[in-house]
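Work through the exercises below with the sequence and the structure open. Each task is followed by a solution in steps.

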Amino acid sequence: MRRNNAAIESESRENSLKQLPVIAIFDIGKTNKKLLLFNEQYSVVYEDNAQLPEITDEDGFACEDVHALTRWILDSFEKISDGKKYTVRAVNFSAYGASFIHLDEAMQPCLPLYNYLKPYPEKLKQQFYDSYGGESLVAKQTASPVLGSLNSGMQLYRLKYEKPAKFEKIKYSIHLPQYASFVLSGKVCSDITSIGCHTNLWHFQKNAYHLWVQREGIEVKLPCIKRCDEISYTGQGGSVAAGIGLHDSSAALIPYLYCFSEPFVLLSTGTWCISLNPFNHDVLSDYELHNDCLCYLTYEGKPVKASRLFAGYEHEQQVKKLAAHFNKPAYYYTTVLYNPALKVEVEINKKRIAEDVMVQSSAFESRDLSSFANYEEAYHQLIADIITQQVKSTNLVLANTPVAKIFVDGGFSKNSVYMHMLAGAFSNIAVYAASVPQASALGAAMVLHKNWNAKSLPQDVVKLVRFNAV
């Protein structure tokens with residue numbers, strides 16, 4: 001039986017009403033690549049994860065496979081754009097920094113995505129800093145500690161002097177978040193959050209590219225900077241609004257900046273524990289730079305002073321030793337609850353907080369495990385030693401700002417020993433465990449809110465639990 005056109009159109013409208021309107025976010029980490037779909041209330045309704053095998057560059061150093069990443073982006077977007085379950089209204093991207101993709105005249109990747117962990121030639125580094133005023137001056141101007149390949153601008157400088165013929169073939173160099181956008185939209189641009197991520201490219205006092213970027217012929221290879229809420233279009237019929245992408249650390253701050261207007265510090269904990277203060281705009285001092293401080297730029301182009309501590313890594317190594325010494329399973333630390341009866345150990349340890357010199361590892365490395373009565377006592381001392389270092393690190397970005405709250409997210413936010421001790425160390429500041437599921441992806445979604453979502457932004461995207469010293 002043949003149906004008339006009106007019946008077919010009616011069924012099509014009915015099916016479209018059943019499709020869930022969403023924004024798609026590609027959240028590209030160094031290890032895990034994710035595609036997430038958020039509904040209009042910013043809840044995750046779909047998640048797909050991938051781990052792509054690395055390849056090697058021409059020097060045999062491991063690096064991201066740009067072509068495999070490109071295929072994954074295209075295939076994943078096609079998969080969720082079939083119209084069967086979701087109506088994709090917008091797409092945006094968050095990705096790790098220090099990651100340039102180089103495009104030739106044909107707008108194809110023409111060089112590897114060099115790994116930011118790749119050692120940087122000492123002689124070339126010395127040449128650069130000697131040419132532009134020395135490490136201290138350049139680091140202050142660019143808010144970038146001397147980090148070698150982690151200063152992504154230095155990757156371009158290296159190409160110019162080590163591989164000049166390949167450097168000449170580059171038409172555009174764009175950071176990874178913008179490349180992901182380019183894959184779907186076909187548009188190239190630069191973004192302030194990627195440029196402002198310890199790249200050595202941006203002069204923070206002049207709010208412009210540093211002089212060396214122009215003198216070395218780098219600026220002509222960097223496409224124009226667009227606002228983070230600017231869009232182009234992709235998808236069938238050009239109906240999907242595509243954002244330009246953001247650096248993941250800057251994206252993760254967005255939910256907090258939206259929800260809280262009074263000064264706060266976000267302590268993002270993982271392998272690295274990074275203290276981020278969006279309300280500290282002072283120029284970095286030599287002391288801060290030597291103690292692993294740097295600046296990011298928010299999606300609005302405002303500086304965020306940050307300090308880093310390798311505390312998550314230290315914790316991971318030390319709990320292995322504790323498990324072996326006390327004959328406990330590796331995960332045993334997750335069962336340890338804060339015991340205020342052990343507070344004496346913390347108070348003694350807090351005297352070390354006033355020391356001037358910041359060191360990356362805590363005092364626990366040199367402690368004799370046989371001096372502790374049990375695992376719980378030793379673990380409390382480990383966290384106390386880590387808190388000693390964390391307070392020093394966080395104080396570097398707290399200076400001269402009226403911060404009233406510290407939000408802790410990531411692994412340590414779920415650790416009662418850590419949270420109570422941190423609250424005790426910062427007794428004059430409210431300390432909260434914060435939960436923002438998929439913070440980087442959520443931030444990238446919120447930036448494009450007006451381009452896809454007619455509903456109001458929800459006020460409860462950040463869940464908080466306050467901790468006090470017991």
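**Exercise 1. Strand 1 and its partners**

Task: Find how strand 1 and strand 2 pair, and over how many bridges.

Solution.
Step 1. Strand 1 (residues 20-28) pairs with strand 2 (residues 33-38) in the antiparallel sense, over 6 bridges. Helices (H or I, at least four residues) and strands (E, at least two) are DSSP runs, numbered from the N terminus. Two strands pair if DSSP finds at least two bridges between them.
Step 2. For one such bridge, start at I28 and go to K33, its partner in strand 2.
Step 3. The two strands make a hairpin, with 4 residues between them.
Step 4. Now turn to strand 6 (residues 86-95), which runs parallel to strand 1 and is joined to it by 9 bridges. F26 has F93 as its bridge partner in strand 6.
Step 5. Of the 9 residues of strand 1, 8 are buried, so the strand is largely enclosed by the rest of the structure. Buried means under 20% relative accessible area, exposed over 50%, and partly exposed in between (1.4 Å probe, protein chains only).

A note on the model: it is predicted, local features need pLDDT of at least 70, side-chain atom pairs count only at pLDDT 80 or more, and totals for chains, interfaces and linings use all residues. Residues are numbered from 1 along each chain as its sequence is written, and side-chain values use heavy atoms, with hydrogens and water left out.

**Exercise 2. An open sheet**

Task: State the order of the strands in the sheet formed by 7 strands, and explain why one side of strand 18 and of strand 22 is left without a neighbour.

Solution.
Step 1. The order is 18-19-17-16-20-21-22, in an open sheet with mixed pairing.
Step 2. Strand 18 (293-297) and strand 22 (463-467) are at the edges and each has a single partner strand, so one side of each lacks a neighbour in the sheet.
Step 3. On average, neighbouring strands of this sheet are turned by 30° against each other, direction ignored. Axes are lines fitted to C-alpha atoms, for helices over the stretch in contact, and angles run from 0 to 180 degrees between N-to-C directions.
Step 4. Inside the order, strand 17 (residues 273-277) and strand 19 (residues 303-309) are antiparallel and share 5 bridges. L276 is matched with A306 of strand 19.
Step 5. Helix 15 (residues 416-425) packs on the sheet and touches strand 16 (264-269), strand 20 (405-410), strand 21 (430-435) and strand 22. The direction of helix 15 makes about 150° with that of strand 21.

**Exercise 3. N277**

Task: Which side chain does N277 join through a polar contact of 3.1 Å?

Solution.
Step 1. Locate N277 in strand 17. N277 is buried, with a relative accessible area of 0%.
Step 2. The side chain of N277 meets that of T401 at 3.1 Å. A polar contact is a pair of N or O atoms within 3.5 Å; within protein, one must be able to donate a hydrogen and the other to accept it, and residues adjacent in sequence count only if both atoms are side-chain atoms.
Step 3. The N277 side chain also reaches the backbone nitrogen of F279, at 2.8 Å.
Step 4. Leaving aside neighbours within four places in sequence, the contacts of N277 include F264, V304 and L398. Contact means heavy atoms within 4.5 Å.

**Exercise 4. Y157 and Y161**

Task: Is the ring pair of Y157 and Y161 stacked, edge-to-face or tilted?

Solution.
Step 1. The structure holds 28 aromatic pairs. Rings of Phe, Tyr and Trp (its six-membered ring) pair if their centres lie within 6.5 Å; planes under 30 degrees apart count as stacked, over 60 as edge-to-face and the rest as tilted.
Step 2. For Y157 and Y161 the ring centres are 4.8 Å apart and the planes stand at 50°, so the pair is tilted.
Step 3. Both residues lie in helix 5 (residues 152-162), 4 residues apart, about one turn of the helix.
Step 4. Y157 is buried, at 1% relative accessible area, whereas Y161 is partly exposed, at 38%.
Step 5. Ring pairs link these two with F128, Y129, Y132 and W212 into a cluster.
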